[in-house]
Structures are given as structure tokens and as C-alpha cells.
Amino acid sequence: MTLKSTHAELLSSFNLIFTIQEHNTIQVNSLLVLKDGRLASCSDDNNIKIYDSSFLNCDIEISKQHNYSVQNLSQLDNGTLLSCDDWDSKINLWEISQKEYHLLHTLEGHKNTVNNVIPIDDDRIASCSWDCTIIIWNSKPPYNKISKLRGHKDIVNSIVLLHSKEVLVSGSSDQKLIFWDMKTYKEIKKMDDIPCYNFYEVDSNRLVVGGYRTITVVNPVTYQVEAFIEDEDNGYYRSFIMLKNGNLLCGCGDGFKGSLCELDMRNYKIIEKREVHKKCVNSLVVIDENSFASCCQDSYIKIWRINNI
């Protein structure tokens with residue numbers, strides 16, 4: 001099913017609470033809500049910041065530890081914070097407390113920018129890179145490389161572990177999705193002609209893939225495309241969160257504007273769109289059932305309240 005998006009009249013379903021600017025007027029690449037409820041951010045200023053529960057104060061600033069921009073953040077169940085560098089091609093593992101941090105280890109093995117790093121289980125993490133590969137690592141000493149997955153012919157933009165925790169999906173600038181078995185590290189299935197910059201698994205039968213001006217809904221069980229939504233106005237779809245009404249809130253944009261769009265997951269139509277940043281929305285995270293945060297290439301982090309959805 002291929003659909004053109006239709007923009008309904010603005011529903012005013014979310015309101016801005018306040019704005020944070022802590023990253024020296026340089027774009028914020030990723031947000032993460034830590035397991036203790038605090039918000040963390042990383043930026044092209046090479047820093048990671050962790051804010052207190054009010055978002056008004058910075059509890060921890062990890063500075064002068066990265067030589068280049070910090071691309072992405074994630075966290076293991078044991079609390080270890082993961083960060084990946086841009087041109088350094090490194091992944092750092094951090095022990096963090098309320099006010100302090102300690103570098104546990106640096107993983108080196110990629111030959112170019114690391115775009116994303118995610119946990120697989122208590123013992124393994126996965127990373128993807130501009131070097132067209134995915135690496136599976138041991139997240140505990142001796143922190144060794146377990147396997148390198150090759151199958152893409154261009155930059156691997158994003159990876160996602162499905163809820164079954166048995167399959168990893170990778171998306172690339174070669175417009176292919178590859179499904180990988182996390183027991184054997186072998187390719188299960190390859191799907192062609194799917195632009196991908198990020199993923200969101202809605203449920204066991206629907207994987208949302210954000211591309212440039214496109215959203216593709218894939219069934220990861222049958223490997224069929226359920227819907228293909230095109231929108232020439234919204235640029236790159238880089239982040240997704242689930243709303244209480246079952247729809248997806250999409251963060252998107254380009255170098256000139258950043259928007260939030262609500263995607264109706266029953267009819268696969270964009271039913272609301274609001275321009276909220278001056279440049280592309282890089283990341284969205286749920287803070288609690290009534291609020292979420294967005295960040296963007298304009299250096300701002302914005303905290304939003306969700307209304308009646």
C-alpha cells in the first residue's frame with residue numbers, strides 16, 4: 001500500500017513546557033532517558049550532559065573525553081552508559097553515579113564513524129558504522145569483538161533489536177534492510193528498496209522505517225511491506241515515539257526546518273504536523289506518560305507536555 005500523506009488541521013495535542021540550551025549552539029544528536037529517570041544528551045560539541053529531574057541543572061558533564069562529536073547514547077540494564085564517537089570510530093562505556101562518571105573501557109574496531117550502539121542482552125552490544133559493517137561486542141571484560149556482520153554496500157545508518165531479542169535489523173544507505181540471527185550471526189533475510197535512517201518497532205508485526213521523505217511499515221515476520229508513506233515536505237524521518245492513542249509521533253526535517261508529525265497507525269496517514277525546531281529533529285524520547293523531549297540540529301532541547309491523547 002502506497003499512500004500520500006494528508007495534513008489535517010492542527011490538533012494542538014502537545015505544548016512546549018520549556019527549552020534547554022546547554023550544548024554551545026551546536027546541534028544535539030541524541031537524547032536518552034536513563035534508568036534512574038534523568039535525561040541525557042550528546043552533541044557535536046563532543047560532550048555528554050546528564051540533567052537533574054527538573055531539567056534545570058546539569059548533574060554530570062562528560063567533557064574533554066571525546067575527540068569528535070558524540071553521535072548516540074544508550075544504556076545497559078546494569079546502568080552502564082554507551083556512547084559512540086564520530087570520526088574517532090570508538091565506543092565508550094561509562095560508569096555513572098548521581099554526580100560522577102568513570103570511563104570503563106573504549107571499544108575500537110570500526111574504520112569510520114559509528115552511527116549507533118545498542119544493547120543486545122546482558123553480555124553483548126551491537127554497533128553500526130559508515131564502514132558498512134555491524135560489530136557484535138562483549139559488553140563485559142575482556143570487551144572483545146564477537147563477530148563482524150557484512151552484507152551492506154554503503155553506510156549502515158541504524159540498527160534495531162526486535163522484541164524477540166533473537167533478530168537484529170540493519171538499515172543502510174544502500175536502501176536494503178538485513179535481518180540477522182543473533183545466535184548464529186548469519187543473515188536471515190534481505191529486503192531491497194527501503195530507505196532507512198532509523199527504526200521503531202510498533203509490535204511484533206510492524207516495524208516502522210524512517211527514510212528521506214518516506215516512512216515504510218514492514219512486517220518483520222513475513223518480510224512484506226505493509227505501507228509506504230511519502231511526504232515531500234518533511235525531509236528525514238529520524239526518530240519515533242508511541243503516543244497513548246496508538247499513533248506514532250515522528251521527528252523529521254532538514255537543514256531549514258524541524259517538524260513533529262503524528263502518524264495514524266490504523267490508516268497510515270499523517271494527520272498532524274507542526275514545525276517546532278529550526279532544523280531537523282534528531283531525537284525524540286518519552287519522559288513519562290504525559291511528556292516527551294525533542295532535540296535538533298539547532299542546538300535546542302525542548303520539553304513537551306502531551307494533551308488528551
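These legends accompany several close-up views of a predicted model.

**View 1. A nonpolar surface patch built from Y68, W87 and W130.** Together, these three side chains offer about 330 Å² of accessible area. Take a moment with W130, which is placed in the loop between β12 (124-129) and β13 (133-138). Its relative accessible area is 33%, so W130 counts as partly exposed.

**View 2. Y197 meets Y236 edge-to-face.** The model holds eight aromatic pairs. In the pair formed by Y197 and Y236, the ring centres are 4.9 Å apart and the planes make an angle of 85 degrees. Y197 belongs to the loop between β18 (187-192) and β19 (198-203), while Y236 is part of strand β23 (residues 236-242), so this contact ties together parts that are 39 residues apart in sequence. Y197 is partly exposed, with a relative accessible area of 26%, and Y236 is also partly exposed, at 26%.

**View 3. F292 and W304 as a stacked pair.** Here the centre-to-centre distance is 6.2 Å, with 15 degrees between the planes. F292 comes from strand β28 (residues 291-296) and W304 from strand β29 (residues 301-306), so the pair links parts that are 12 residues apart in sequence. Both F292 and W304 are buried. Look for F14 as well: F14, F292 and W304 make up one aromatic cluster.

**View 4. A charge over the ring of Y236.** Back at Y236, the partner to find this time is R238. The charged end of R238 sits over the Y236 ring, 4.9 Å from the ring centre.

Notes: Residues numbered from 1 in each chain as written. Predicted model: local features only at pLDDT ≥ 70, side-chain atom pairs only at ≥ 80, totals over all residues. Heavy atoms only, no water. Patch = residues over 30% accessible without salt bridge, like charges linked within 9 Å, V, L, I, M, F, W, Y side chains within 5 Å. Areas by Shrake-Rupley, 256 points an atom, 1.4 Å probe, with all protein chains shown as cover. Salt bridge = Lys/Arg side-chain N within 4 Å of Asp/Glu carboxyl O. Helix = DSSP H or I, 4+ residues; strand = E, 2+ residues; numbered from the N terminus. Buried < 20%, exposed > 50% of the residue type's maximum accessible area, 1.4 Å probe, protein only. Phe/Tyr/Trp six-rings, centres within 6.5 Å; stacked < 30°, edge-to-face > 60°. Lys NZ or Arg CZ within 6 Å of the ring centre and 35° of its normal.
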